[in-house]
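Reader: I am new to reading protein models, and I would like a close look at one residue and its surroundings, and then at how that part fits into the chain. Could you take me through it step by step?

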Amino acid sequence: MEAVPPPQPLIDIDSHGFWNALADGRFAMQRCSTCRLFQHPPAERCNACGSTVAYEELSGGGEIFSFIVVRHPTVPGYLDDLPYVVALVELDDQPGLRIPTRLAGAEPTDVSIGQRVQIALVDLAGGNHTVAVFELAE
Ligand SMILES: [Zn+2]
């Protein structure tokens, strides 16, 4: 039986810059032209002050703010990887700037809150997209 691919991103007018950057090998988020805050998920305007936003590259470093261990087969495309960790990573670039992500290559028993992580860009099976995952830092 052929494996079912994982869900694919639904790219819209606000998020296309995020996905285009990943396709070019860069990790970028929207940053306000006025108050200079990064924001994620993407939106039409700055969530803090309503000004215009543009995509800027991030450092790719952060730490685990929170995480769960997925043990049940709920998401197609990842059934052979159980159990795996889904983490909420707080990025180094701005306090409170967080992204939900898959923590790749880590045993759930080796993961704890506050651990350093580093971004990794991987091709998503079943389509033509690059996605950002994180790995435990060395
Ligand atoms: Zn702003």
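Author: L91 has its place in strand β5, where helices (H or I, at least four residues) and strands (E, at least two) are DSSP runs numbered from the N terminus. Residues are numbered from 1 along each chain as its sequence is written. The model is predicted, and for that reason local features need pLDDT of at least 70 and side-chain atom pairs count only at pLDDT 80 or more, while totals for chains, interfaces and linings use all residues.

L91 counts as buried because it has 24 C-beta neighbours inside 10 Å; a residue is buried if 20 or more other C-beta atoms lie within 10 Å of its own, exposed if 12 or fewer, and partly exposed in between, with C-beta atoms placed from the backbone. If residues up to four places away in sequence are not counted, L91 touches L58, G62, L97, R98 and I99, contact being defined as C-beta atoms, placed from the backbone, that lie within 7 Å. T52 stands 39 residues from L91 along the chain, and 22 Å separate the C-alpha atoms of these two residues.

The strand that holds L91 also leads us to the largest nonpolar core, which has 13 residues, and F18, I64, A87, V89, L103, V117 and F134 are the members that touch the most others. A nonpolar core is a set of buried Ala, Val, Leu, Ile, Met, Phe, Trp, Tyr and Cys residues joined through C-beta atoms within 7 Å. Two elements, α1 and β5 (84-91), give two or more residues to this core, and β5 gives the most, with four. The core lies between domain 1 (10-57) and domain 2 (59-138), because both of them give residues to it; these bounds come from an automatic or database domain assignment.

The centres of the two domains, taken over C-alpha atoms, are 20 Å apart, and their contact takes eight residues from domain 1 and 11 residues from domain 2. On the side of domain 1 that touches domain 2, helix α1 (residues 16-23) gives the most, with three residues. That side of domain 1 has six nonpolar residues, two polar and no charged, where Ala, Val, Leu, Ile, Met, Phe, Trp, Tyr, Cys and Pro count as nonpolar, Asp, Glu, Lys and Arg as charged, and the others, Gly among them, as polar. F18, for its part, is in contact with A28, M29, P42 and Y55, leaving aside its neighbours within four places in sequence.

A28 in turn stands opposite E57 in β3, and strand β1 (residues 28-32) is joined to β3 by five bridges, the two running antiparallel. Both strands belong to an open sheet of three strands in the order β2-β1-β3, with antiparallel pairing, and strands are said to pair if DSSP finds at least two bridges between them. Its edge strands, β2 (38-39) and β3 (53-57), each pair on one side only.

Strands β7 (residues 116-124) and β8 (residues 129-136) also run antiparallel, joined by eight bridges, and here A120 stands opposite V133 in β8. Their hairpin has four residues between the strands, and in it G126 takes a positive phi near 85 degrees.

Taken as a whole, the chain has one helix and eight strands, and of its 138 residues 14% count as buried.

Key. Contact = placed C-beta atoms within 7 Å.
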